[in-house]
Amino acid sequence: MSDKNYTIMHSDSATQYESERSEPIYFNRPFDSRALERVEHAHLWAPPGSRIMRLPEIIASMTSLKELKVGPGSVDGGVISGLQQDDLPSSIEVLGIHTGSKAIKWPKVVLPNLKGLHSDAPLKFKAECFPRLESISLYPDKSLTNVAEALKLPITELNLLNVSIGSELFELLDPTRLRVLGLLGGRGLVSLEGIQRLQLLSSVRLKNLTSLEDISALAQLPALRRLDVQYCKNIRNIDVLNELKVLEDLTLVGCGALGLSQVESKIASLVKCNIGATT
């Protein structure tokens with residue numbers, strides 16, 4: 001079962017489930033415990049009108065589980081906030097939380113082997129719950145407390161699903177470890193000034209930053225090999241691409257009229273390039 005994907009659901013939802021890439025596991029029916037022990041990739045799901053309010057006990061028996069997605073689907077945030085220590089297998093390395101926009105508080109549950117965490121909702125947590133975390137994608141809470149907790153961990157990748165403040169953001173980030181940074185929405189950021197503090201960055205992703213105009217500070221990132229810019233239509237100095245000496249991989253999608261004629265030769269020299277709805 002290890003190479004397969006499984007969707008955990010109530011049997012009443014079977015008629016509303018369609019997927020050729022995942023097989024169903026019905027949490028309300030008996031199941032072979034030996035088969036459960038071999039499951040490595042699972043998605044907890046319910047259709048509209050059949051909301052899951054608590055974590056099915058069957059998941060605790062998946063002792064080889066590596067990746068778990070809680071939603072997307074009709075799954076209540078209480079599934080996460082109501083967790084007890086033994087509800088999730090300690091083997092989990094990647095956890096995705098997709099329960100809607102309502103803030104969630106992670107309980108005193110430690111996932112000792114978790115390396116990747118994604119939460120669409122503001123997630124409040126203590127760093128000691130994820131001691132081996134390497135990558136996190138989260139929606140910052142208003143006080144940025146969850147970002148501060150994340151920076152206590154050995155993360156090398158940070159993706160912020162909303163940027164509510166300006167370039168002072170970069171003063172908060174740890175310059176000694178971050179290799180990958182994603183700024184994936186918001187109106188607060190006008191300039192990337194300060195990003196040069198993060199000298200180890202090899203990958204930067206900028207998406208839906210509706211106020212972003214100045215990206216000149218990217219030229220001061222000596223290790224930047226991958227740049228992904230999507231739906232940022234107000235950038236005024238795209239010519240900075242000519243100064244990115246080790247850039248290999250570029251994505252420019254949905255950015256409108258940036259003036260790409262200024263960087264034609266640079267684009268031609270790249271190993272990989274994806275440009276769409278951008279001129």
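Is arginine 226 buried, partly exposed or exposed? Arginine 226 counts as partly exposed, because its relative accessibility is 33%, and partly exposed residues lie between the limits of 20% and 50%. The structure described here is a predicted model.

## The network around aspartate 228

Arginine 226 forms a salt bridge with aspartate 228, and the closest N and O atoms are 3.5 Å apart. Aspartate 228 counts as buried, because its relative accessibility is 6%. Salt bridges with shared partners join Arg205, Arg226, Asp228 and Asp249 into one network.

## Salt bridges between distant parts of the chain

The count of salt bridges comes to 10. One of them joins the side chains of arginine 51 and aspartate 76, at 3.3 Å from N to O. This pair links distant parts of the chain, 25 residues apart: arginine 51 is in the loop between E3 and E4, and aspartate 76 is in the loop between E4 and helix H2 (78–81). Arginine 51 is partly exposed at 40% relative accessibility, and aspartate 76 is partly exposed at 21%.

Arginine 225 and glutamate 248 form a salt bridge as well, with the closest N and O atoms 3.1 Å apart. Here too the pair links distant parts of the chain, 23 residues apart, with arginine 225 in the loop between E11 and strand E12 (226–230) and glutamate 248 in the loop between E12 and strand E13 (249–256). Arginine 225 is partly exposed, with a relative accessible area of 41%, and glutamate 248 is partly exposed with 35%.

## Surroundings of arginine 51

The loop that holds arginine 51 runs between strand E3 (41–44) and strand E4 (67–70). The C-alpha atoms of arginine 51 and aspartate 76 are 6.7 Å apart. Not counting residues up to four places away in sequence, arginine 51 touches Ser74, Val75, Asp76, Gly77 and Thr99. The arginine 51 side chain also makes a polar contact with the side chain of serine 74, at 3.5 Å.

## Glutamine 196

Glutamine 196 lies in the loop between strand E10 (180–183) and strand E11 (203–207). This residue counts as buried, because its relative accessibility is 17%. The side chain of glutamine 196 makes a polar contact with the side chain of glutamate 193 at 2.6 Å, and a polar atom of the same side chain lies 2.9 Å from the backbone nitrogen of glycine 194. Beyond its neighbours within four places in sequence, glutamine 196 is in contact with Ala217, Gln220 and Leu221.

## The nonpolar core

The largest nonpolar core has 85 residues, of which Trp106, Leu183, Leu192 and Ile195 touch the most other members. Setting aside neighbours within four places in sequence, the contacts of leucine 192 include Phe170, Leu183, Leu206 and Asp214.

Technical notes: Residues numbered from 1 in each chain as written. Predicted model: local features only at pLDDT ≥ 70, side-chain atom pairs only at ≥ 80, totals over all residues. Heavy atoms only, no water. Core = buried A, V, L, I, M, F, W, Y, C linked by side-chain atoms within 4.5 Å. Buried < 20%, exposed > 50% of the residue type's maximum accessible area, 1.4 Å probe, protein only. Contact = heavy atoms within 4.5 Å. Helix = DSSP H or I, 4+ residues; strand = E, 2+ residues; numbered from the N terminus. Polar contact = N/O pair within 3.5 Å; in protein donor to acceptor, adjacent residues only side chain to side chain. Salt bridge = Lys/Arg side-chain N within 4 Å of Asp/Glu carboxyl O.
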